[in-house]
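Work through the exercises below with the structure open. Try each task before you read its solution.

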Number of protein chains: 4
Amino acid sequence: MAIDIQPVQPLTSRAYKSEDTVIEVGKHRIGGGTLTLIGGPCSIESVDQVMSVADSIKNAGGQVLRGGAFKPRTSPYSFQGMGGDGLKILKKAGMQNDIPVITEVMSTDDFEAVEASADIIQIGARNMQNFHLLKRAGKSQKPILLKRGLSATIDEWLNAAEYIMAEGNSQVILCERGIRTFENYTRNTLDLSAIVAVKTLSHLPIIIDPSHATGRKEMVPAMAKAAIAAGADGLMIEVHNDPENALCDGPQSLKPEEFSVLADELRKIHEVVHNA
Amino acid sequence: MAIDIQPVQPLTSRAYKSEDTVIEVGKHRIGGGTLTLIGGPCSIESVDQVMSVADSIKNAGGQVLRGGAFKPRTSPYSFQGMGGDGLKILKKAGMQNDIPVITEVMSTDDFEAVEASADIIQIGARNMQNFHLLKRAGKSQKPILLKRGLSATIDEWLNAAEYIMAEGNSQVILCERGIRTFENYTRNTLDLSAIVAVKTLSHLPIIIDPSHATGRKEMVPAMAKAAIAAGADGLMIEVHNDPENALCDGPQSLKPEEFSVLADELRKIHEVVHNA
Amino acid sequence: MAIDIQPVQPLTSRAYKSEDTVIEVGKHRIGGGTLTLIGGPCSIESVDQVMSVADSIKNAGGQVLRGGAFKPRTSPYSFQGMGGDGLKILKKAGMQNDIPVITEVMSTDDFEAVEASADIIQIGARNMQNFHLLKRAGKSQKPILLKRGLSATIDEWLNAAEYIMAEGNSQVILCERGIRTFENYTRNTLDLSAIVAVKTLSHLPIIIDPSHATGRKEMVPAMAKAAIAAGADGLMIEVHNDPENALCDGPQSLKPEEFSVLADELRKIHEVVHNA
Amino acid sequence: MAIDIQPVQPLTSRAYKSEDTVIEVGKHRIGGGTLTLIGGPCSIESVDQVMSVADSIKNAGGQVLRGGAFKPRTSPYSFQGMGGDGLKILKKAGMQNDIPVITEVMSTDDFEAVEASADIIQIGARNMQNFHLLKRAGKSQKPILLKRGLSATIDEWLNAAEYIMAEGNSQVILCERGIRTFENYTRNTLDLSAIVAVKTLSHLPIIIDPSHATGRKEMVPAMAKAAIAAGADGLMIEVHNDPENALCDGPQSLKPEEFSVLADELRKIHEVVHNA
């Protein structure tokens, strides 16, 4: 059941491919020096909510809309997401606002449905070493955003990406979202040095999720700016039209107007870093 | 998609059920004061290998034979296990030696096949929060051995067990196999305080895997004895007839004669602890 | 300022000295197969308290009385210990009950005073890499108990012991007291695999402190038994005559009668392990 | 021995003092919106070396020269620094180049000598909870740069600063230098979220040491830029005129010309962040 032919160099490595991988999503290109801003709510809750946020993300210059239909939750009694109905809402919001969408897939059973609705398919931190899911993603034509596991080393993370690439899908975006440490002021510890490590070891684009990493909305702007200054290809940020009443992750969600202000600042830093 | 009715107390908790859960496997009972010894190779490699080890485990007084058919490997190019053929070998070895068998399931796709071959179904550390797999396990009639995730808190681990129990399967065995820390002398850090924590918070049996935790065979006997002294219900230990030539985890595997000597010592400590 | 002549093998290593180091304290020998039980309160609070506990420790078969005079506290506004007055009380209690005493030293300024009062001098986890204190300890004639730092690797810990031995004091006892991890059910994670690691790498005795490691008295007996089963040379356990009103660490302190019951169990396990 | 009167709010807290603390060193002000660049070698090795680097730091627009005279080393057999001779060289280099200097103090015994030579006194990560050293620093008239311990929570770090302030010295600069995690690609994991946490909880300035955190010179520029983008008050960067032959930490040291290029980029990012 192993891959028959092992490449001389891992497919994810700079040694295998020296130039940056660039992934096209709609008219936008992720990687290779561009700035990618992905925004949206943790959970899809209603048509109105997603439509409203989609409009805000686009107006702020964001290129991709995020929204969770299948939610990985620690407790079986927590809200598990809207499932298939959520996928429909997300797809509709993307089409009506002409913005690509990303959503998480949690099992091979749901893969086809997610694939039909999303422009980018997310594999979450808890599934980073769900090898069957990785292999299924490797057979997809859609780009895969692969989050780093909570306690995954960079080597293990790149090997997880290798599972996808070894099956034929070379469109992998890496996403750092905080690692588990002893520090408990933040939900996790955002490891921005992973940006430089990934850029050195691999040709794949890397984006940062400061919302899940910190779990605190007041930290999101500073860490977002830091990520771009460190050379990240983009950000995935939680944006909710009504954070106080969000079904999930309200305390870490920006309001649309806050996202818009931040997007302006991020573009300025991106320009300084890339013209420096 | 959420569970409709949340119990007043979690199903895994002592508050919900005060007496110890005891799980029957063949003629053996796991939990409730007995000593359970599970042994066998990391990977099923051949009929002869498994037959030989099965005989040794049984002669040493072990009650369950382990053997991996589907192997979760960091790299896609590493040996991924014998799959279905391995399941057949394991089942045959169990029947011929009249010893129950345990093996790992990695995906819902393989669940039925594993269920048909194994007396206990293992969910590994990397899949502890693969919620679809947990839900499928909850629909099984077979006992589930749920390993603690590499960086899972005890609370998250019990919530993962809750996913299984909430679907109707109350036969869950917890297995601590080391957590990820900064220390690198051992592969992981075996957290034996989890035994007392689990016994306090839950009625479920807990066993310890000192082989994967330490990654060093010379540490296995001491940590196995410590686990029993601390009140664990049993152990899962890697035993290989030819560790030097094992396809997987040779450096942490005991030889059959070493397992036999250790089993004697463990029974003595178990007796002292339970008669004290 | 470096040590002039580096030994071919570290002084702490088995390669330098193959037989176990045995340290004599009064009539008791620490290491080499004996069982050492150290008990007493976190903080010295009064003459009556220490006298009462000293009597209990001795009656339970304990060989060393512990008690803190200088207390390392996270906040400058917490009780910092009785200082010199505490040393006098501890020394008197030891002499009147004919039991050796151990107490912590926090600075070179207090070293002489501690040296004059204690039979064993403790260097705490926070000072494990306070190299000036280590060098001073190396010039003492008294045995040094060196706690492992909260996030010290075993290699760093042995190097800290090397600082002491390189100055001429070969009487070093290592003490594992829990390492800092992500798990927060326990105060720290007790790393019992350190026992086997130290026994493999070094000839120095190692004892375990389950009280500080877990921060929970209900966990102390199980972890104490586990430590002896794993081959530790002894234990340091917090015992207080009135834990509910202790000035420090009450929730992790055993009552004298609980210590006495535990000591009996520990002797039985020690016997099984050493006759096996 | 405790502090007699505990303030209603910790002295380090924003609740106690809402405006940013600004610390004057020569003509430069640290904190309050300025950019502070500290550079220099890990160890003072010779007059020529320090003179050469001092000149480079100043020309690049750096405001403070660093250099270690007393070096905390894991092994007692590693180079321990030039001690008092090193202090003299550093002081001379600072005066001749008209640039303030910072150096580490490791014990109360050496405090007076360091105080006489340095404009800022550094307390290293390993001594963050060396409470006697903190109390001595609290009696000094010189600013204290307090590094975060390898596994210190932000709360413990601020409490360590509180020890200094409670003794009367309000000139404390905090310095994040990486925390210990499971990841081993970098030497430690630089926790830039600490910047926002400190800015929220405290009025004290915070600077970042990307050199010790990553242990890799190729990562220093990206992490330095990230730190400034996240709102840090400055940076401490290892600069060596001949990294290949450095007695200490060569692999993480920038050459003077690299530091100069980086300083330009940092000023641009600082301007964008503070005018945004």
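**Exercise 1.** Is Gly83(A) buried, exposed or partly exposed?

*Solution.* The model is predicted. Start with the position: Gly83(A) sits in the loop between strand S4 (64-66) and H2 of chain A. Next, count neighbours: 15 other C-beta atoms lie within 10 Å of Gly83(A). A residue is buried at 20 or more and exposed at 12 or fewer. Gly83(A) is therefore partly exposed. Last, look along the chain: Asp110(A) is 27 residues away in sequence, yet the C-alpha atoms of Gly83(A) and Asp110(A) are 9.1 Å apart.

**Exercise 2.** Take Asp98(A) and Asp249(C). Find the loop of each, then assign burial.

*Solution.* Begin with the backbone. Asp98(A) is not a glycine, but its phi is positive, about 50 degrees. Asp249(C) also has a positive phi, near 60 degrees.

Now place them. Asp98(A) belongs to the loop between helix H2 (84-96) and strand S5 (101-104) of chain A. Asp249(C) belongs to the loop between strand S10 (234-238) and helix H9 (256-275) of chain C.

Then apply the count. Asp98(A) has 10 C-beta neighbours inside 10 Å, so Asp98(A) is exposed. Asp249(C) has 20 C-beta neighbours inside 10 Å, so Asp249(C) is buried.

**Exercise 3.** Trace the barrel of chain A. Then find which residue of S7(A) stands opposite Ile123(A).

*Solution.* Follow the strand order: S3-S4-S5-S6-S7-S8-S9-S10. These 8 strands form a closed barrel with parallel pairing. From one strand to the next, the twist averages 25 degrees.

Zoom in on one pair. Strand S6 (residues 120-123) and strand S7 (residues 144-147) of chain A are parallel and share 3 bridges. Opposite Ile123(A) stands Leu146(A).

**Exercise 4.** Turn to chain B. Which residues lie on each face of S10(B), and which strands pair with S10(B)?

*Solution.* Check cover: in strand S10 (residues 234-238) of chain B, 5 of 5 residues are buried. Split the faces. One side carries Gly234(B), Met236(B) and Glu238(B); the other carries Leu235(B) and Ile237(B). Both faces are covered.

Find the partners. Strand S3 (residues 36-40) of chain B pairs with S10(B) in parallel over 5 bridges. Within that pairing, Ile38(B) has Met236(B) as its bridge partner. Strand S9 (residues 206-208) of chain B also runs parallel to S10(B), joined by 2 bridges. Here Ile208(B) is bridged to Leu235(B).

Repeat for strand S7 (residues 144-147) of chain B. Ile144(B) and Leu146(B) point one way, Leu145(B) and Lys147(B) the other, and all are buried. Strand S6 (residues 120-123) of chain B pairs with S7(B) in parallel over 3 bridges. Ile123(B) stands opposite Leu146(B).

**Exercise 5.** How many residues of H5(C) are buried, and against which elements do they pack?

*Solution.* Set the length. Helix H5 (residues 154-166) of chain C has 13 residues. Its first and last C-alpha atoms are 18 Å apart, close to the 18 Å expected at 1.5 Å a residue.

Count burial: 11 of the 13 residues are buried, so H5(C) is largely enclosed by the rest of the structure. Among the buried residues are Trp157(C), Asn159(C), Glu162(C) and Tyr163(C).

List the packing partners. The buried residues pack against helix H4 (131-138), strand S7 (144-147), strand S8 (172-176) and helix H6 (193-201) of chain C. After H5(C) comes Gly168(C), with a positive phi near 115 degrees.

**Exercise 6.** What rotation superposes chain D on chain A, and which elements of chain D touch chain A?

*Solution.* Superpose: a rotation of 180 degrees with 0.0 Å of shift along the axis brings chain D onto chain A, at an RMSD of 0.0 Å. The copies are thus related as by a two-fold rotation axis. In chain D, the C-alpha nearest that axis belongs to Ala226(D), at 2.0 Å.

Inspect the contact: 35 residues of chain D meet 35 residues of chain A. Helix H6 (193-201), helix H8 (220-229) and helix H9 (256-275) of chain D each give two or more residues to this side. By class, the side of chain D holds 19 nonpolar, 10 polar and 6 charged residues.

Compare the two sides. Of the interface residues of chain D, 100% are also interface residues in chain A, so the copies meet through the same surface.

Conventions:
Residues are numbered from 1 along each chain as its sequence is written. Chains are lettered from A and ligands numbered from 1 in the order in which they are written. This is a predicted model: local features need pLDDT of at least 70, side-chain atom pairs count only at pLDDT 80 or more; totals for chains, interfaces and linings use all residues. Helices (H or I, at least four residues) and strands (E, at least two) are DSSP runs, numbered from the N terminus. Two strands pair if DSSP finds at least two bridges between them. Copies are superposed by least squares on the C-alpha atoms of residues with pLDDT of at least 70 in both. Two residues are in contact if their C-beta atoms, placed from the backbone, lie within 7 Å. Ala, Val, Leu, Ile, Met, Phe, Trp, Tyr, Cys and Pro count as nonpolar, Asp, Glu, Lys and Arg as charged, and the others, Gly among them, as polar. The expected span of a helix is 1.5 Å times one less than its number of residues. Axes are lines fitted to C-alpha atoms, for helices over the stretch in contact, and angles run from 0 to 180 degrees between N-to-C directions.
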